[in-house]
Amino acid sequence: MASSSSSSSAIFSFVSNPTATRSLPRRHFTRQHFASSPNTRKKFPIFTQKTASRRTNTAITAKLGQKSALEYRKLGDSDLIISEITLGTMTFGQQNTEKEAHDMLNYAFDNGINVLDTAEAYPIPTRKETQGLTDRYIGSWLKSQPRDKVIVATKISGYSEQRSFLRENAKVLRVDAANIKESVEKSLQRLGTDYIDLLQIHWPDRYVPLFGEYFYDPSKWRPSVPFVEQLTAFKELIVEGKVRHIGVSNETSYGVMGFVHAAKDKGLPKIVSIQNSYSLLVRCKFEIDLVEVCHPNNCNISLLSYSPLGGGALTGKYLDINSEAAKKGRLNLFPGYMERYNKSIAREATVQYMEVAKKHGLTPVELSLGFARDRPFMTSSIVGATSVDQLKEDIDAFLTVERPLPPEVMADIESVFNRYKDPAIL
């Protein structure tokens, strides 16, 4: 799942001078930049660690108004080198037409993004009438692209009693061998491809608190499909060449360790990534212990963060409920969706972060995405949009904002965080 932004210039009218300009000086910094080059593998000549090791550090000077280039990072123990921005696509087919989807895909890949994230449940909100349109829009776009230059990540739904329509003759979705196989076959057909680069479990088969729920409720425990059984099914698909790598999403430390231990103990494929929510408004659940678990010297699981803009809340557009941006935003279009961001003290925290942005000559989008971009445990931020203009604003935040954010900016961010630790809790 990904967040969309709106033009930030109109947002400052709520908390500051809308004519404020960006005054933060840009400094020199060094990054490791991986340019696209062919790989020796015939079937999957995307970025790999072998090609990455041949790159050298390139000094890049970022002056005010100038753009740098995206960074590329290794995805866990895989051979994939992915861009620090992943294009989120969950609006395709609900809020976006096929043409709009293609326009955003073209813009993203023309500007250095090399990975897109989809799911069998997309678009959001999931409905039987629209389910699968996201994949189909991506599939029609893939027909005109060199497949080996596009990293496709998708997700199989976890346990669900409400989304049984995703399967043939099923009453409950599970992450067992039959469900995994059916999900992958249908995804491949919709996407019009013969392999998936990264297949993720959208949420666990077992009970865990999800999508705004914060605390674990022991009374909700239920029997679940064993980790070994899930990994065994994924191994068969990898052997068949239909899946390259596997990952998890909305997972806990217990789940990550369960998968890692089962893989090591039974000689099964290891998960290479975890896709969890992470932003200025949602930090603790990942930073408390998943950072340690996923550390390169421990389990080496790469974080792909979704909702780095808090479902669009961190743009500030929902602070004025009567604004056009707020009326068009999905938090208002779909009642009950992500209400944790507009029915909690997250609103208060958002105002404080916007003041930090104003103080340092940044837009709310630049502050929020710059923060996510610079986290030492971040591999890629999943950024969604409903227009090319929004997508451009998001990408520009990565390319033009000083890297890393200066210490004085981070100090102000931590000051707000110390008062509002994960405020999006209902």
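Is Thr 118 buried or exposed, and what is its relative accessible area?

1. Thr 118 is buried, because its relative accessible area is 0% and a residue counts as buried when that value is under 20%. The structure in front of you is a predicted model, and this residue is a useful place to begin reading it. Thr 118 sits in the loop between strand 6 (115–117) and helix 4 (133–142). Setting aside residues up to four places away in sequence, Thr 118 touches Thr 89, Thr 134, Asp 135, Ile 138, Ala 153, Thr 154, Lys 155 and Leu 191.

2. Tyr 137, which belongs to helix 4, is also classed as buried, with a relative accessible area of 14%. Once its neighbours within four places in sequence are left aside, Tyr 137 is in contact with Phe 92, Gly 93, Asn 96, Thr 97, Glu 98, Ala 101 and His 102. Tyr 137 and Leu 191 are 54 residues apart in sequence, and their C-alpha atoms are 8.0 Å apart in space.

3. For the protein as a whole, there are 15 helices and 12 strands, and buried residues make up 61% of the 426 residues. If one takes the contacts between residues at least 6 apart in sequence, 78% of them join residues at least 24 apart. The accessible surface comes to about 17,400 Å², and carbon and sulfur atoms account for 53% of that surface.

4. Among the strands, eight form a closed barrel that runs 5-6-7-8-9-10-11-12 with parallel pairing, and the twist from one strand to the next averages 30 degrees. Strands of a sheet pair through backbone hydrogen bonds, in either a parallel or an antiparallel sense. One pair to look for is strand 11 (residues 302–306) with strand 12 (residues 378–383), which are joined in the parallel sense over three bridges; Leu 303 has Met 378 of strand 12 as its bridge partner.

5. Helix 6 (residues 227–239) has 13 residues, which at 1.5 Å a residue should span 18 Å, and its end C-alpha atoms are indeed 18 Å apart, in agreement with that expectation. The buried residues of helix 6 are Phe 227, Gln 230, Leu 231, Ala 233, Phe 234 and Leu 237. Seen down the axis of helix 6, these buried residues fall within an arc of 155 degrees, so they line one face of the helix. An α-helix has 3.6 residues a turn, so residues three or four places apart point the same way. The buried residues of helix 6 pack against helix 5 (177–191), strand 8 (196–201), strand 9 (243–249) and helix 7 (253–266). After helix 6 comes Gly 241, whose phi is positive, near 85 degrees.

6. Helix 7, one of the elements against which helix 6 packs, lies across strand 8, strand 9 and strand 10 (271–277), and runs at about 170 degrees to strand 10.

7. Helix 12 (residues 346–359) can be read in a similar way: it has 14 residues and reaches 20 Å from its first C-alpha to its last, close to the 20 Å expected at 1.5 Å a residue. Its buried residues are Ala 346, Ala 349, Thr 350, Tyr 353, Met 354, Val 356 and Ala 357. Viewed down the axis of helix 12, these buried residues fall within an arc of 155 degrees, so they line one face of the helix. Helix 12 is followed by Gly 361, which has a positive phi, near 70 degrees.

Key: Residues numbered from 1 in each chain as written. Predicted model: local features only at pLDDT ≥ 70, side-chain atom pairs only at ≥ 80, totals over all residues. Heavy atoms only, no water. Helix = DSSP H or I, 4+ residues; strand = E, 2+ residues; numbered from the N terminus. Expected span 1.5 Å × (residues − 1). Buried < 20%, exposed > 50% of the residue type's maximum accessible area, 1.4 Å probe, protein only. Arc of directions from axis to C-beta. Contact = heavy atoms within 4.5 Å. Pairing = 2+ DSSP bridges. Axes fitted to C-alpha atoms, helices over the stretch in contact; angles between N-to-C directions. Areas by Shrake-Rupley, 256 points an atom, 1.4 Å probe, with all protein chains shown as cover.
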